[in-house]
Amino acid sequence: IFQMSPRRKKKRIGIGATCSVLKRFLHPSKTIQQKYNKIASFDRLEGLIVLRREEKTIRNNTQVFIIFRHADFEGIEIYCDED
């Protein structure tokens, strides 16, 4: 008999929430690379403020993205995949 483990609830991020994300998951990646020359796999960008959630189609695949703003990137919207 197989026993199913309980699923974890997804964490909710609301508009205006402050969070941190690994730099390697942030886009547009060229903008991130220009600001921070060398990015290690464990580097985080803290102080991101959530603006909204948005669906984008990339390579014929619809994905949900979270759009952020940050003090280091004035006037540029940074985003990452919700998963």
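Two strands pair if DSSP finds at least two bridges between them. Strands (E, at least two residues) and helices (H or I, at least four) are DSSP runs, numbered from the N terminus. The model is predicted: local features need pLDDT of at least 70, side-chain atom pairs count only at pLDDT 80 or more, and totals for chains, interfaces and linings use all residues. Residues are numbered from 1 along each chain as its sequence is written, and side-chain values use heavy atoms, without hydrogens and water.

**Exercise 1. Trace the sheet.**

Step 1. E1 and E2 pair in the antiparallel sense over 4 bridges. Within E2, Ile49 is the bridge partner of Thr18.

Step 2. Extend to the sheet. It is open, with 4 strands in the order E1-E2-E3-E4 and antiparallel pairing. E1 and E4 are the edge strands, each pairing on one side only.

**Exercise 2. Find the centre of the largest nonpolar core.**

Step 1. Such a core is a set of buried Ala, Val, Leu, Ile, Met, Phe, Trp, Tyr and Cys residues joined through side-chain atoms within 4.5 Å. Buried means under 20% relative accessible area, exposed over 50%, partly exposed in between (1.4 Å probe, protein chains only).

Step 2. The core has 13 residues; Leu26, Leu48 and Phe68 touch the most other members. Strands E1 (18-22), E2, E3 (61-70) and E4 (73-81) each give two or more residues to this core.

**Exercise 3. Place Tyr36: buried or exposed?**

Step 1. Tyr36 lies in the loop between helix H1 (29-35) and strand E2 (44-58).

Step 2. Tyr36 counts as buried because its relative accessibility is 17%.

Step 3. Contact means heavy atoms within 4.5 Å. Not counting residues up to four places away in sequence, Tyr36 touches Lys23, Leu45, Asp72 and Phe73.
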